[in-house]
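Here are my notes on the model, set out as numbered points so that each can be checked against the coordinates.

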Amino acid sequence: MKIIFAGTPDFAATHLKKLIDENAADICAVYTQPDRPKGRGHHLTPSPVKEIAQANGIPVFQPESLKNNTKEIERIKSFGADLLVVVAYGLILPDEFIYACRLGSINVHGSILPRWRGAAPIQRSLWAGDSQAGITIMKVAPALDSGDIIRIAAIDIHHDDTSMSLYERLAELGADTLCEMMPVMERALLMSVPQDPDEVTYAHKLTKEEAFIDFREPADVLERYVRAYIPWPVACFNLQKNIIKIHHAEVIDSDTDAEPGTIVSADREGLDIATGKGLLRITELQLPNKKVMKFSEILNSRKDLFTPGEKINE
C-alpha cells in the first residue's frame with residue numbers, strides 16, 4: 001500500500017521506523033512540523049520523524065499550517081497515495097487534507113477510545129488510576145479523535161509506570177499494531193465501528209499550574225500524580241519559598257493526626273508528608289537549579305530545610 005506519513009515526536013518516529021524496517025508500506029512522503037529551536041543555544045532542530053525520513057531517503061515536507069494551504073493540498077494529491085497515516089503530527093488537518101488520499105486518513109491515538117480523547121491521554125490514564133492503557137487506530141474525522149475505530153490494542157499499566165515509561169511501551173505497541181494491520185487495512189477500513197458517545201472522556205492538556213500538588217488528596221492519588229507528571233511538568237511543592245520537584249514517591253499506609261501538608265518525618269528512608277489519607281513518602285526530589293537526587297543524599301546538606309511539623313505550600 002502506498003502511504004504518506006504525518007508525525008513529529010519520538011512516538012511518531014517509532015511508528016515510522018517500524019513501517020520502514022518491516023517494509024510494511026510504500027512510504028512516498030513524510031509530513032512533519034517545521035524545525036524548532038532547542039537547547040541552550042536555541043539551534044533549529046529537526047523532529048525525530050524528519051531525521052528518520054531523511055536517513056531513509058524519503059521526501060520531507062514541513063508546512064507551518066495546512067489551513068487554506070492550496071499548495072500542500074495539491075502536492076499531497078499529486079503523490080497518488082492510497083492512505084495518509086497520522087501519528088502525533090501536531091497540526092490541525094483540514095478536510096481537504098484528511099480526504100486527499102484514495103482511502104482517506106487514519107490516526108494512531110494513545111488511548112483506548114472513546115476514553116481519553118485529546119492531547120494528554122497517556123498522562124491522564126495514569127492520573128485517573130486506569131488499570132489499562134492502549135492505542136486506537138481510527139479513521140481521521142474533523143472532530144477531535146472522533147473517528148470510527150479500526151483496531152484497539154491494550155496493555156496493563158504497571159504499578160511503577162510513569163508517563164515516560166508508558167509512552168515508550170505504547171509507542172512500540174502502536175507501531176507493532178499498525179504494521180500488523182497494513183496488509184489488511186483496506187478491508188479493515190470497511191469494518192470500522194463508530195465510537196460510543198456515552199463513553200467519551202477528554203484528556204485535557206497538562207499545565208504547569210496543576211503540577212503543584214494538593215496534599216489534601218489521598219496519598220495513593222498523589223503518588224499517581226507524581227508518576228503521571230514524569231517527565232513533564234513534574235509534580236512539585238513550595239517549601240520556604242523553594243519550588244521543590246518530586247521525582248519518586250511511595251504510599252505509606254499509616255495514620256497520622258497531622259494536618260495534610262505537614263512534614264511528619266525526614267530521615268534516610270525519605271520525606272514523609274501527611275495527606276488527606278495516609279502518608280506520602282518522597283524518596284527522590286530536585287531542589288531549585290539542582291539535579292535530581294535521592295532524599296537521603298539531600299538530607300546530608302539540607303536537613304534544616306525539612307523540619308518535622310512544618311507545613312508545605314504555606
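1. In which helix does L166 lie? L166 belongs to helix α6, and the structure discussed here and below is a predicted model. With a relative accessibility of 0%, L166 counts as buried, because the cut-off for that class is under 20%. Leaving out residues up to four places away in sequence, L166 touches I122, S125, L126, A133, I155, I157 and D161. For one of these partners, I122, the C-alpha to C-alpha distance to L166 is 7.1 Å, although 44 residues separate the two in sequence.

2. Helix α5, which spans residues 121–128, has P121, I122, R124, S125 and L126 as its buried residues. I122, S125 and L126 also appear among the residues that L166 touches, and L166 itself is in helix α6, so that a reader tracing the contacts of L166 will come upon α5 as well. Just after α5, G129 takes a positive phi of about 80 degrees.

3. The protein has 314 residues, of which 50% count as buried, and its secondary structure comes to 9 helices and 17 strands. Taken along the principal axes, the C-alpha atoms fill a box of roughly 70 × 45 × 35 Å. Among contacts between residues at least 6 apart in sequence, 67% join residues that are at least 24 apart.

4. The largest nonpolar core has 70 residues, and those with the most contacts inside it are F5, L271 and F306. Helix α6 (residues 163–181) gives the largest share of this core, namely 7 residues. Apart from this core lies another, of 21 residues, which includes L66, I73, I76 and L91. As a general background to both, nonpolar side chains in soluble globular proteins tend to be buried together.

5. Which residues does F306 contact once its neighbours within four places in sequence are left aside? The partners of F306 are L239, I244, I263, A266, L271, L285, L287, F295 and I298. L271, one of these partners, is itself listed with F5 and F306 among the residues with the most contacts inside the largest core.

6. I244 can also be used as a reference point for K290, since the two are 46 residues apart in sequence and 9.9 Å apart in space, C-alpha to C-alpha. K290 lies in the loop between β16 (279–286) and β17 (293–294), and at 53% relative accessibility it counts as exposed, because that class begins over 50%.

7. The second largest pocket holds about 180 Å³ of space. Its lining is made up of K208, A211, F212, W232, P233, V234, C236, I243 and K245, and these residues divide into 7 nonpolar, no polar and 2 charged.

8. How many disulfides does a search of the whole structure find? The search finds 0. C101 is in no disulfide, and the nearest cysteine sulfur, that of C28, is 7.3 Å away, whereas a disulfide in this analysis requires a pair of sulfur atoms within 2.5 Å. C101 counts as buried, at 5% relative accessibility. C179 is likewise in no disulfide, with the sulfur of C28 again the nearest, at 16 Å, and C179 counts as buried at 11% relative accessibility.

9. Two cis peptide bonds deserve a look in the backbone. One joins L113 and P114, with omega about 10 degrees, and P114 is found in the loop between β7 (105–109) and β8 (117–118). Another joins I230 and P231, where omega is also about 10 degrees, and P231 is found in the loop between α8 (219–228) and β12 (236–239).

10. Positive phi values in residues other than glycine are worth a separate check. N23 has a phi near 50 degrees and lies in the loop between α1 (10–21) and β2 (26–31), where it counts as exposed at 66% relative accessibility. Q240, which is not a glycine either, has a positive phi of about 50 degrees; its place is in the loop between β12 and β13 (242–252), and with a relative accessible area of 39% Q240 is partly exposed.

Note on methods: Residues numbered from 1 in each chain as written. Heavy atoms only, no water. 1 Å grid on protein atoms, 1.4 Å probe; cavity = no way out; pocket = protein on both sides within 12 Å on 5 of 7 lines; lining within 4 Å. Points joined across faces, edges and corners; volume = space filled by probe spheres on them. Nonpolar A, V, L, I, M, F, W, Y, C, P; charged D, E, K, R; others polar. Core = buried A, V, L, I, M, F, W, Y, C linked by side-chain atoms within 4.5 Å. Buried < 20%, exposed > 50% of the residue type's maximum accessible area, 1.4 Å probe, protein only. Helix = DSSP H or I, 4+ residues; strand = E, 2+ residues; numbered from the N terminus. Contact = heavy atoms within 4.5 Å.
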